[in-house]
Amino acid sequence: MTFTSHHESAFDELAELLDGTVIRPGQATWDEARAAWNLAIDQQPAAVVTPNHVEDIGHILKAAHATGLDVSVQPRGHGANGDLAGCILLRPTAFDEVTIHVEERYARVGAGVLWGTFLPSLEGTGLIALAGTNPDVSVAGYLLSGGHSWFSRWKGLAAHSIRAVELVDASGELRRVTAESDPELLWALRGGGGLFGVVTTLEIDLFEAPDLFGGKIIFPGVTAEAVFELADAVIRTAPDELSLLLGLINMPDAPFVPEPMRGQTFASVDVVFVGSAAAGAALLAPLVNGIPPVANMTRPFTIGQLGEVAAEPTDPSGAIDWSATLTDASGSVLADVAAGFRAATPAGLTLLTLRPLGGAIARSDRDATAVVGHLDAQYTVFAAAIIMDPTAALDPDALFEPLDEAVAGRTVQLTVPTFLTHGQGLADAYGEADLARLAEIKRRVDPHDVIRSNRGLPA
Ligand SMILES: Cc1cc2nc3c(=O)[nH]c(=O)nc-3n(C[C@H](O)[C@H](O)[C@H](O)COP(=O)(O)OP(=O)(O)OC[C@H]3O[C@@H](n4cnc5c(N)ncnc54)[C@H](O)[C@@H]3O)c2cc1C
């Protein structure tokens, strides 16, 4: 799309109307304002807007209609998919409400709130929310796209915990969407992503969990096959309150890495258990007694410390990634995945994670209330190459073919949309009937297709 004086004057007018800000190409803060979290993604919207309140969102939508541009909401950009041409990028950072209703076991959370801000506000309540591994991800961006939580084996995929959604729809109308007001739209918002309006606030379920135990257990990289096998045996018989994240990482040979770890490979098992330290340690005994860990950081912890368990990076970096949903983890497949990781190491592969599914994730009792429904598979597998040197080209075939071969014939093209990788859309997460139902709802609430999501529907 070429920009005309019509666009320029529409943005000038918008800047006058907004309490919030409008940033255009050429301004000093442009590159910072438009950046995705994955620095390898070069997104080029027409403008970046930061509304301060619902009226501002109404003005932004009017400007979109007047200029023929789309609106795309991106609180943090972890799920950025690249294509923002012809788009106004909306940052909902000013929507920062956090209200905890302890007795009624729910919270109101603004669309700009990150998990790392929200979870500490639950300290002392004995309640938890269905958060994932990374505290830098927004509550809204994660929940709207499904959300695989540390507690999903226990309580199901996180989007089910959305009780109500307040959004400004494409016509500029503020709607409160509940199971009573519009069950069909709520079904779509529970996992269909940001296609249906500009969400301002979510109301979400909280759950009682007085005791939490867990942390990271690190093993020598050469033991990865045995670690994965033992961890798999543990999780297959464990109660749903136990959640594991299996990992393999090549630590960069760089000064920011502590000397003894530089250039080394480590396997890891990150643990979250809803229950006592004694019961959690007993579940892990076959693993830690079977293979001596380099470090075992499991301990009782509080909900505000959840982000420390996986200790994932929160600073932006460049990466290319790959994922698969494994339906059958029997036999040597987990060992084959570890071997695939090693085979791709010379090409620059940095990390691999395997998330065991099962428990409430595999149960279909909530299918009627959320598009994210259930996922009857055994693991999600994710791999990424962190771009350490932007001048050195990485070869995706060399990076990911060994992993494709390791999982061949054992995958399904269904996933939680939060785990979709660059270039994928909702057709890579849901079946045809769900896609058709989402498209019908989209036509109803956004007939002119103004709201664009990172994970679109098939054309
Ligand atoms: C290191 C890391 C760890 C992760 N761990 C997990 C995990 O444990 N479990 C898991 O499920 N996922 C995980 N993810 C994936 C992450 O949850 C998704 O990428 C999520 O969408 C990113 O949230 P964000 O706030 O950065 O969203 P953004 O990328 O900013 O937005 C994603 C999309 O959400 C929609 N959206 C967001 N806010 C609004 C709004 N207010 N109104 C309308 N639409 C909106 C839009 O369609 C937008 O395109 C992880 C990602 C990373 C990088």
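## A walk from strand S12 outwards

Let's start with a strand pair: S12 and S14 (residues 265-274) run antiparallel and are joined by 9 bridges. Strands here count as paired if DSSP finds at least two bridges between them. The names follow DSSP too: helices are runs of H or I of at least four residues, strands are runs of E of at least two, and both are numbered from the N terminus.

Before going further, a word on what you're looking at. This is a predicted model, in which local features need pLDDT of at least 70 and side-chain atom pairs count only at pLDDT 80 or more, while totals for chains, interfaces and linings use all residues. Residues are numbered from 1 along each chain as its sequence is written.

Back to S12, which covers residues 212-220. Pick Phe219 and look across to S14: its bridge partner there is Ala267. S12 has other antiparallel partners as well. It shares 3 bridges with strand S16 (residues 299-301), where Phe301 stands opposite Leu212. Another 2 bridges tie S12 to strand S15 (residues 295-296), again antiparallel, and in that pairing Ile218 faces Ala295. How many of the 9 residues of S12 are buried? The count is 7, so to speak, and the strand is mostly covered. Buried means that 20 or more other C-beta atoms lie within 10 Å of a residue's own; 12 or fewer makes it exposed, anything in between partly exposed, and the C-beta atoms are placed from the backbone.

Step off the end of S12 and you land in the loop that leads to helix H8 (224-237), where Gly221 sits. Is Gly221 buried or exposed? Gly221 is buried, because 21 other C-beta atoms lie within 10 Å. Leaving out residues up to four places away in sequence, Gly221 touches Leu248, Gln264, Thr265, Phe266 and Ala267. Contact here means that the C-beta atoms of two residues, placed from the backbone, lie within 7 Å. Ala267 is also the residue that bridges to Phe219. For a sense of distance, take Asp96: it is 125 residues away from Gly221 along the chain, and the two C-alpha atoms are separated by 41 Å.

Now zoom out. The domain assignment splits the chain into domain 1 (5-90), domain 2 (98-208) and domain 3 (212-419), with bounds that come from an automatic or database assignment. The C-alpha centres of domains 1 and 2 are 24 Å apart. Where these two meet, 12 residues of domain 1 are in contact with 16 residues of domain 2. On the domain 1 side, helix H3 (54-67) and strand S3 (70-73) each supply at least two residues, and H3 has the largest share with 5. That side holds 7 nonpolar, 3 polar and 2 charged residues. For the classes, Ala, Val, Leu, Ile, Met, Phe, Trp, Tyr, Cys and Pro count as nonpolar, Asp, Glu, Lys and Arg as charged, and the others, Gly among them, as polar.

S3 turns up again around the ligand. The ligand is surrounded by 32 residues, the closest being Gly79, Gly132, Ser138, Gly141 and Gly194; a residue is near a molecule if its C-beta atom, placed from the backbone, lies within 6 Å of it. S3, helix H5 (139-144) and strand S10 (198-205) are the elements that give two or more residues to this shell. H5 gives the most, with 4. By class, the shell divides into 12 nonpolar, 18 polar and 2 charged residues.

Two backbone oddities deserve a look. Most residues other than glycine have a negative phi. Arg105, though not a glycine, has a positive phi of about 55 degrees; it sits in the loop between strand S5 (98-101) and strand S6 (106-110). Arg105 is partly exposed, with 15 other C-beta atoms within 10 Å. Ala311 is another non-glycine with a positive phi, about 50 degrees, and its loop runs between helix H10 (307-310) and strand S17 (319-326). With 14 other C-beta atoms within 10 Å, Ala311 is partly exposed.

Finally, the whole chain. It has 13 helices and 19 strands. Its radius of gyration is 22 Å, close to the 23 Å that the globule rule gives for 459 residues, so it is as compact as a globular protein of that length. The radius is taken over C-alpha atoms, and the rule is 2.2 Å times the number of residues to the power 0.38. Buried residues make up 49% of the 459.
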